[in-house]
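Biologist: I should like to learn how to read the features of a structure such as this one. May we begin with it in view?

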Amino acid sequence: MAPFRIVIVGGGIAGFTAAIALRGPNRHITILEQSTLNKEIGALISLQPNASRIVESKWNLSKELLEARQMVDEGFRIYNTEGHLVNTIPLLTKEKYGAERLLFHRRDLHETLKRAAVSPTRAGDPAIVRVSSRVVDCDALKGTVTLDSGEIVESDLIVGADGIHSMLRKHVLEEAVSPMPTGHSAYRLMIPTEILEKEEPDFCAKINPQEPFTSMIVAHNCRLIMGPGRQGEVYGVVALVPDEQMTEDPHAKQSWVAEGDLKKMMETFVDFPSWVKNIFKHSPDLGLWQLRDLDPLQTWHRGRVLIIGDAAHAMLPTQGQGASQAIEDSEALGAFFEEIVEQPSLEILTKALEDVFQARYARACLIQAYSRQAAKPAIAHGNKVVTIDVLQRHQAVHEKDENEGKKTPRRARERAIEACDACATAKLSCDNERPCQRCQSKQVECVAKRSRLSNHNNAPLPQFSAMTTTPDSRPSDFSVPPTTEYSGGHEIYDANFAHDLTLDSFIPSTVPVYPDLNNFPAFFEQVMLPNVEMELRQETQQPRGVFDFMLDTDFIFPENDLFDTNFMPDLDLILETGPSICGSEDLQNPHLGDHESASRRAAAFRKSFWLWVPEKNQHAFSEEGRIPLRDGDTISPNHRNRLQSLQIPGKLSMHSRDDIFKLVVRTAGSRLSVSSFPSAEYLDTLIKVGIGKRTETDAWIHPYTFYDQKLRPELLTGLVAAGCVCCGLASINKTGIVLQEITRVSLAQLVEEDNSVLRDLQWLQASMLWLDIGIFCGYRRKMQIAESYLQPLCTAFRRAAAFDRSTYSTITPYMAGDDEPSLNNVWHEWVRQESLKRLAYHLFGHDVEVAMAMNRPALTSYTELTLPFPAATDLWLAPTATAWRDLWNTKYRILEVSDFSLRDLLSDPSLMTHVPMEMDFNIARTALLQGMANQVWETRQQMVLSQGSKPETRAMARLWLQSRQDDLYTTLKSIPESPPAPPPVTTLLNEFVMMYLHFDFDAIQRFVGTLGELDARRAYPGLRDWSHTKEARTGIWHAGQTLRAARTVKSYQLRGFDAMTIYHAALVLWVYGLLQCGESKRFEAKTPMNETDLPPCVWLDGPEDMPTKAFLCHGIGRPGLTMTQGGPDGDTPMFCELSKPRSVMAVARQVFEKNCPCPFPEERLPPMIQNLCELIEDLGNLP
């Protein structure tokens, strides 16, 4: 059998680890290294846990690493220029990630990997290392490389590990792509610790050079990163310096082994204190190299060549991931080539190389982005060190002051869509005018030529944050600039224009830039470019739902740190982004992680970058280590008034209070600190608040028999949590979230101990409670978990036949004897059955509402619900058995209860007027709306499918769908006509479902950027056409009516799904306004109009009138909303046109804030409503 010949170009860390990973039977591996490998590079290098785990566990080199005199990095220490320790950040990587962050002298690690690659004792033939063998040419298709001696080396696979200045890269890309400067350079020093301790006692008195910590000093735009090596024998220093501050030419220092000038370095650090800069002179040698990196390449392979490491994804050293990512590349190589033991055909080889590329590309690009983000220039601001984007965010906060005439910081210039050639060549900022101002002043030709980038393999090109961000950036771990046209092979950073520059994102050359869009808002120009024709491979992505907008930043309040986290390697971000590659089974269909997809979002959704990614050591109590509730925390009078009207009998006993306490301690264990616990009286009040809140809509916990039964502590804890989350006081609200987690975890443990509880009513009620709390609580982790745990509860109901009429029997007062105990027994049995009915319908409604909010199918089918509707509300809320019997005898007088169900009602919605009087009419009407919402979703999905159907069937399908849409609309409009008048929340749901029927929810979400800017552009043409139709006008009419209904909802009742309807309605109106904004401006430019010539106002959130009908039928009029402005004589309504999108979001926020007034300073908006308010405000504030 012919051997599998492998040539690795480059004898660095990437090259030797590739050889280690590829060693195997029947493989001949040759490493071609251009140097002699004799020069010792005086530098420290770190292996992050993601890499040390591979080297130690997968390649079994633990012993060898110890012999290389590794040091375990225990954390980071931050010092000020006076030598005072201002912060210590322990790493604890072993506990979190199963491996340590290891520090090495670079030479020691390199030699260890070399020995492993050539060792005869390891599996497979040892690699052959050929030094002084510089590769000068390559034929990627034939698999040959040519050395400077003229020798041609043939191979079946060529691995390009030849570093940042790779020669093989141009043969893979078929064009020269050079690394670009980032505006920083780094001096590199290595000082013997013995000399430091002897000659520099001032330094050693402040920083112990033998302690296993990475130390950092940040000042004067420079950073010193220092740490020990070789078991404390040497002390390494890396000094990061902006190129503009250097006194020697950084562009001449592109080699890793280039020498720096100590005298000039001392001049650069002249402002640093002597105790720091005096140590520089003790380094035997001084290295200097300019920091450069690469934008993401279109591909890493071609023919028989694959590039890895810095050749494929050179990154800045700010995250310490350069070597670690090369090791991950090598591991992927080993995994995908493990089964190939003979000479592979080109087809097999290409498949394996593409698998490696797919497995590694998104993750490597993401960590490139983190590294670039962490290199933002730090500047002094008061007594703190902050990054430029922090100051710009601070500036954005004060934009309101500018509108009020107050003095504010100067706003940075808006980024040009495309720089002209003259400005790009001069590395200066350009503007959107043609000719630009600079070319006008210089009297030169102003021309922009776009580069034509070949997109090998149609690879998706991630977008990166630059070293600076736009002025309206929001706080994030990784800020993403708006997409602009990429012009030129590489953009050169110029530190003089750091406030204005962003790194141009990759946009394929098929995306045009339209100058006639300049009348649109800036957001529209940058994100919504029409007529996109792209041939990009679509990666599998989890659709972004509205829950992804939720922020967890307010759940805990960490102490403010002097230094932002971007000064440290973001191990949590990097190590949890993707798993280590352990084999090819899980890598055949790699998908983008949450951070990658977030990096491709539109500018309007920067805040939605905080998507919850499950973490190894994250658990129910990792966010809050204690119960913040205190007996002194007062409950709002609004809730106490509700309790007084209900008069719930009974109270929580001390024994039950102790049961709750035991449950909390047993469930949380040592993970939750419980130094004190509320009294029974206080908990009783919260429980009754939780029960009372349920009675405001579809009450499914009976208030008057609640304390008559033996209660599970899980149910009691769930009700305490429900009472807590209703309160505006932060400590009470947070306690509810903690207790919700207690309920969730304890219920799961209870099932493991006793499976029979799956049929227990209290277990079902407690499960529903924590799902109700979690799904719309506003904390992303808890919301996602609550969504995923809905399926088990639906299954429990389905398996118990709780959705089916066969489970339920007729129970009436006539079944009781003449004595009171017998009547009580029958009543309690009836209450238990009614509780299960009401819970079943509530679960169905909960499922439908979550499905609508997430734009996904419901887990339960409306055809499943054959159980009878629950009894009328007055029967349900009869306080005693006697009152129940008397009401039955005097008002209803029936012997046999009807089995009328949701399936019956959906079969014939006209029966809404014939719902039996003994049944709860409001529950029946709400269930009908929820069932029809499911049908609306199905119809909209069929409409999406019909767009791609064959022409011969499309017309018939669309005719049927139009007929179906009309039928649903007619039925939905008729539901409110059935007396009695629906409550406001039912009207809100009705209007929302009618709105939902008339627009493509998915297209709206894509347009606003939830799936990235490319999808936003793709959605634009379809929505633009839709905005001119009657369907669009009908949709925005019902969006306005949704806001109108929301205004009538009682205070504090816009929670959960009701709040989401307002957000979605506002989003539809905002998108419609954006679409109309540009067109109206173009029309006004061509046809100037006087105020008297304007079409009539159409109040979308007002009653239907003649102007409304004219708008709906013929598109005549200016649609808008009502905004109220307070004054001495009360609120004054103002008309806000949709063509002014900012006002739309202001109206929506006003609806939220008026429903949730916070009269006391300690009260806050509910977390989800607060998040939604901030999101719509950010969207509305887009220029």
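Modeller: What follows takes up helices, aromatic rings, charges over rings and salt bridges in turn. Please keep in mind that this is a predicted model.

Biologist: Let us begin with a helix. How many residues does helix α5 have, and how far does α5 reach from its first C-alpha to its last?

Modeller: Helix α5 covers residues 106-118, which makes 13 residues. The helix reaches 19 Å from its first C-alpha to its last, close to the 18 Å expected at 1.5 Å a residue.

Biologist: Which residues of α5 are buried, and what do the buried residues of α5 pack against?

Modeller: A general idea comes before the case. An α-helix has 3.6 residues a turn, so residues three or four places apart point the same way. In α5, the buried residues are D108, L109, H110, T112, L113, A116 and A117. They pack against two helices, α1 (13-22) and α3 (62-67), and two strands, β3 (44-47) and β7 (102-105).

Biologist: May we turn to a single residue within a helix? Where is N934 found, and is N934 buried or exposed?

Modeller: N934 is found in helix α33, which spans residues 921-946. With a relative accessible area of 10%, N934 is buried, because buried means under 20%.

Biologist: Which residues is N934 in contact with, leaving aside its neighbours within four places in sequence?

Modeller: N934 is in contact with F844, V848, A858, T860 and Y862. For another case, consider Q962, whose place is in helix α34 (residues 951-974). Q962 has a relative accessible area of 40% and is partly exposed. Q962 and M943 are 19 residues apart in sequence, and their C-alpha atoms are 9.0 Å apart in space.

Biologist: Let us go on to aromatic rings. How many aromatic pairs does the structure hold?

Modeller: A pair of aromatic rings is described by the distance of the centres and the angle of the planes. The structure holds 23 aromatic pairs. One of them joins W884 and W888 in an edge-to-face arrangement, with 5.9 Å from centre to centre and 70 degrees between the planes.

Biologist: Where do W884 and W888 lie along the chain?

Modeller: Both belong to helix α31 (residues 881-892), and because they are 4 residues apart there, about one helical turn separates them. W884 is buried at a relative accessible area of 0%, and W888 is buried at 2%. Another edge-to-face pair is formed by Y996 and F999, at 6.3 Å centre to centre and with 75 degrees between the planes. Y996 and F999 are buried.

Biologist: Which residues form one aromatic cluster with Y996 and F999?

Modeller: The cluster consists of F992, Y996, F999, F1001 and F1057.

Biologist: Where does the charged end of R77 sit, and what does K206 lie over?

Modeller: The charged end of R77 sits over the ring of F213, at 3.7 Å from the centre of that ring. K206 lies over the face of W275, 5.2 Å from the ring centre.

Biologist: Our remaining topic is the salt bridge. How many salt bridges are counted?

Modeller: Side chains of opposite charge can pair when their charged atoms come close. The count comes to 37 salt bridges. Among them is that of D899 and R805, whose side chains meet at 3.7 Å, N to O. D899 lies in the loop between α31 and α32 (902-907), and R805 in the loop between α28 (790-799) and α29 (820-854), so the pair ties together parts 94 residues apart in sequence. D899 is partly exposed at 42% relative accessible area, and R805 is partly exposed at 31%.

Biologist: Which residue forms a salt bridge with D874, and which with R1149?

Modeller: D874 pairs with K891, the closest N and O atoms being 2.7 Å apart. This pair links distant parts of the chain, with D874 in helix α30 (residues 873-876) and K891 in helix α31, 17 residues apart. D874 is partly exposed at 29% relative accessible area, and K891 is partly exposed at 42%. R1149 forms a salt bridge with E1153, with the closest N and O atoms 2.7 Å apart. Because R1149 and E1153 are 4 residues apart in helix α41 (residues 1141-1155), about one helical turn separates them. R1149 counts as buried at 19% relative accessibility, whereas E1153 is partly exposed at 35%.

Biologist: Which residues are joined into one network by salt bridges that share partners?

Modeller: They are R69, D108, R230 and E233. Of these, D108 has already been named among the buried residues of α5.

Technical notes:
Residues are numbered from 1 along each chain as its sequence is written. This is a predicted model: local features need pLDDT of at least 70, side-chain atom pairs count only at pLDDT 80 or more; totals for chains, interfaces and linings use all residues. Side-chain values use heavy atoms; hydrogens and water are left out. Buried means under 20% relative accessible area, exposed over 50%, partly exposed in between (1.4 Å probe, protein chains only). Contact means heavy atoms within 4.5 Å. Rings of Phe, Tyr and Trp (its six-membered ring) pair if their centres lie within 6.5 Å; planes under 30 degrees apart count as stacked, over 60 as edge-to-face and the rest as tilted. A charge sits over a ring if NZ of Lys or CZ of Arg is within 6 Å of the ring centre and within 35 degrees of the ring normal. The expected span of a helix is 1.5 Å times one less than its number of residues. A salt bridge is a side-chain nitrogen of Lys or Arg within 4 Å of a carboxyl oxygen of Asp or Glu.
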